[in-house]
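Visitor: Could you take me in for a close look at one small part of this protein, and then show me how that part sits in the whole? I would enjoy a connected walk-through.

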Amino acid sequence: MNICVIGAGYVGLITSVSFAKMGNNVICVEKNIEKVDSLNNAIPTIYEEGLDDLLIDCLENKAISFTNELGDSVKKSDIIFIAVGTPSLDNGEVDMSQVYECINEISKYINRYKVIVNKSTVPVGSQNYVKNLLTKNGVPRDNFDVISNPEFLREGKALYDFFYGDKIVIGYESQKSKNIMNLLYKPFNIPIIFTNPETAELIKYTSNAFLSTKISFINEIANLCNKVGADVDTVALALGLDKRISPEFLKPGIGYGGSCFPKDTIGLISIGEKYDCPFEIVKSAVSVNNKQRIIPVDILLEEYDDIKDKTITLLGLTFKSGTDDIRESPSLYIIEELLKKGASINAYDPMVSDEIKEIYPNINYFDNIKDSLLESECIIICTDWEEFKGIDLDFVKDNMKEAFIIDGRNMLSLDEAKKRNITYYSIGKGHTKGC
Ligand code: UDX
């Protein structure tokens, strides 16, 4: 099929290469000409496992091209995917301006029947709004159908999820557009849920709000475990073995971040308010997360009354491992708190981006763990990068000003820390004081 994807951000790029790999002709339209050039030269604009090879493969097979020219791309296509950003506004509502701008633009070039598919996360009722906007712009009703097709990709595992995901959700109105979507997705062999657009739009928010709630729930249990001497991993294991619950998303830590959970939880709360359905549970999940992500600073302040001029080493800046994304990363909130309190910050992240260096030029960035620890008073592990499991604890004991670790992702062993007289705090697996 001839597919046009608008937006070469995370979702748009993964969608483009995945459909191209499946034998479709894909044109990905992106406003930013630097991104277009980079992608046409097979240089990915984001880090994602497997993306570099797949991009080369699709470009060599001429299955994909990138352009900033929208008109021709729309005219040539049977299906148009909208994958532009829908960030949160300050009041929690979803900012739809990029979607509307995109619809206004494509309205000018719809020369025959096309299926317009919304991949961006949008409030319930958006499909209807988009339909009305196309009609208002003079596009004949016979020339389009609008589909809601939310994505459930995890960063770092996005290609895997596209090809082997648990489900595909299609919100449709006409049988014609349903058949086209069925043809497009059938080769993936993933269960497809066909439903009405409102249901499809709500499924995305429901999934992300539920998973966020699961994380905040286990984090609250972890905080209690620390107080009563229980072990959160064992609690989570037993809980997850119950088939009605599942073991996934029960890993405690310093909270969730990223481009979806924080945005979609407040997005759902805002939708609920509009319809007089207050989401008290989701509100609590958000407020637990807001507190959870700065727990390391609370621990520091229990240990030292004042952290002014103390040097704190942050290990991990990205919101999770396997990505270079720092959006809504708990580490950013920790940095803000530490700076407010006058601490000096060292940082090491295997994927540190220039973006964070621009936001926080006064942090000392290092390119290895050991150098980042020298002369530091405390380590806070913020991200679950695998290499942090192998931190040399003898080096920590011998080379830090104070051997003190706050393990925000439960990467290390309390017993190993105890053996070396290191002060160590976990999230829900106890703590030990060194001397
Ligand atoms: C998420 C959803 O999983 C995906 O379906 C959706 O479409 C986009 O948002 P992503 O943001 O890439 O994907 O990351 P995910 O792996 O889901 O983790 C989100 C956050 O939750 C991370 O900060 C992670 O560290 C945290 N998390 C996850 C936990 O704290 N504990 C867990 O058990 C799982």
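Guide: Let's start with V146 and its surroundings. Beyond its neighbours within four places in sequence, V146 is in contact with I116, Q127, V130, K131, L134 and G171. Please keep in mind that this is a predicted model. V146 itself belongs to strand β6, which covers residues 144-148. Is V146 buried or exposed? Its relative accessibility is 4%, and because buried means under 20%, V146 counts as buried.

Now step back to the chain around it. The chain is divided into domain 1 (2-195), domain 2 (204-291) and domain 3 (293-432). Where domain 1 and domain 2 are in contact, 15 residues come from domain 1 and 12 residues from domain 2. The centres of these two domains, taken over C-alpha atoms, are 29 Å apart. For another sense of distance, try V146 and D349: they are 203 residues apart along the chain, and 42 Å separates their C-alpha atoms.

Two other residues deserve a stop for their backbone angles. K62 has a phi near 55°, a positive value in a residue other than glycine. You will find K62 in the loop between α3 (51-60) and β3 (64-67). With a relative accessible area of 71%, K62 is exposed. N410 also has a positive phi without being a glycine, in this case near 45°. Its place is the loop between β13 (404-407) and α18 (414-419). N410 is buried, however, with a relative accessible area of 18%.

Finally, the view of the whole chain. There are 18 helices and 15 strands in the chain, and its C-alpha atoms fill a box of roughly 75 × 45 × 40 Å along the principal axes. The radius of gyration is 24 Å, which agrees with the value near 22 Å that a compact globule of 435 residues would have. Like V146, many residues are covered: buried ones make up 53% of the 435 residues. Of the contacts between residues at least 6 apart in sequence, 70% join residues at least 24 apart.

As for the outside, the accessible surface comes to about 19800 Å², and 51% of this belongs to carbon and sulfur atoms. The chain carries 47 positive and 64 negative charges, and the mean positions of the two sets are 5 Å apart.

Key. Residues are numbered from 1 along each chain as its sequence is written. This is a predicted model: local features need pLDDT of at least 70, side-chain atom pairs count only at pLDDT 80 or more; totals for chains, interfaces and linings use all residues. Side-chain values use heavy atoms; hydrogens and water are left out. Helices (H or I, at least four residues) and strands (E, at least two) are DSSP runs, numbered from the N terminus. The radius of gyration is taken over C-alpha atoms; the globule rule is 2.2 Å times the number of residues to the power 0.38. Buried means under 20% relative accessible area, exposed over 50%, partly exposed in between (1.4 Å probe, protein chains only). Contact means heavy atoms within 4.5 Å. Accessible areas come from the Shrake-Rupley method with a 1.4 Å probe; for residues, only the protein chains shown count as cover. Lys and Arg count as positive and Asp and Glu as negative; His and the chain ends are not counted. The place of a charge is taken as NZ of Lys, CZ of Arg, CG of Asp or CD of Glu. Domain bounds come from an automatic or database domain assignment.
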